[in-house]
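Q: I'm new to this structure and would love a close look at one part of it. Could you walk me through how its charged side chains pair up, and what surrounds them?

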Amino acid sequence: LYGQANASARRVDPARDRLETDLIRWAVATGKPLLGICRGMQLLTVALGGTLHQEASAAYPGFRPVRGLYR
């Protein structure tokens, strides 16, 4: 959705992404308040034209996740 090849996302659901992106844009256009947590904040960022770093260690040298694939 934000112009990068998928580097690590699993279980991508394009229909869900389209629906939620449309809802975000509708909410913003009509002045509704929004709260995004985790994936929700990422989708808010992308829907409103922002960018994301798929790999934190590429953007922040020395970054080590506290859990997940590397643990």
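A: **A charged network and the helices around it**

Let's start inside one helix: Arg16 and Glu20 both belong to α1, and they sit four residues apart, about one turn of the helix. Keep in mind as we go that this is a predicted model. Arg16 and Glu20 form a salt bridge, in which the closest N and O atoms are 2.8 Å apart. Side chains of opposite charge can pair when their charged atoms come close.

How open are these two residues? Arg16 is partly exposed, with a relative accessible area of 41%. Glu20 also counts as partly exposed, at 23% relative accessibility.

The structure holds three salt bridges, and the other partner to meet is Arg39. Arg39 forms a salt bridge with Asp17, and there the closest N and O atoms are 2.2 Å apart. Arg39 lies in helix α2 while Asp17 lies in helix α1, so this pair ties together parts that are 22 residues apart in sequence. Is each of them buried or partly exposed? Arg39 counts as partly exposed, at 29% relative accessibility, whereas Asp17 is buried, because its relative accessible area of 12% is under the 20% cut-off.

Arg39 forms a salt bridge with Glu20 as well, with the closest N and O atoms 2.4 Å apart. Here too the pair runs from helix α2, where Arg39 lies, to helix α1, where Glu20 lies, so it ties together parts that are 19 residues apart in sequence. Through shared partners, the salt bridges join Arg16, Asp17, Glu20 and Arg39 into one network.

Now for the helix that carries Arg39. Helix α2 covers residues 39–47, and its buried residues are Leu43, Leu44, Val46 and Ala47. Looking down the axis of α2, you would find these buried residues within an arc of 170°, so they line one face of the helix. What do they pack against? The buried residues of α2 pack against α1, which spans 14–29. After α2 comes Gly49, whose phi is positive, near 95°.

One last stop is on the surface. Val28, Leu34 and Leu48 form a nonpolar patch there, with about 270 Å² of accessible area together. Val28 is found in helix α1, and it counts as partly exposed, at 44% relative accessibility.

To retrace the route: α1 holds both Arg16 and Glu20, Arg39 of α2 pairs with Asp17 of α1, and the buried residues of α2 pack against α1.

Methods
Residues numbered from 1 in each chain as written. Predicted model: local features only at pLDDT ≥ 70, side-chain atom pairs only at ≥ 80, totals over all residues. Heavy atoms only, no water. Buried < 20%, exposed > 50% of the residue type's maximum accessible area, 1.4 Å probe, protein only. Helix = DSSP H or I, 4+ residues; strand = E, 2+ residues; numbered from the N terminus. Arc of directions from axis to C-beta. Contact = heavy atoms within 4.5 Å. Patch = residues over 30% accessible without salt bridge, like charges linked within 9 Å, V, L, I, M, F, W, Y side chains within 5 Å. Areas by Shrake-Rupley, 256 points an atom, 1.4 Å probe, with all protein chains shown as cover. Salt bridge = Lys/Arg side-chain N within 4 Å of Asp/Glu carboxyl O.
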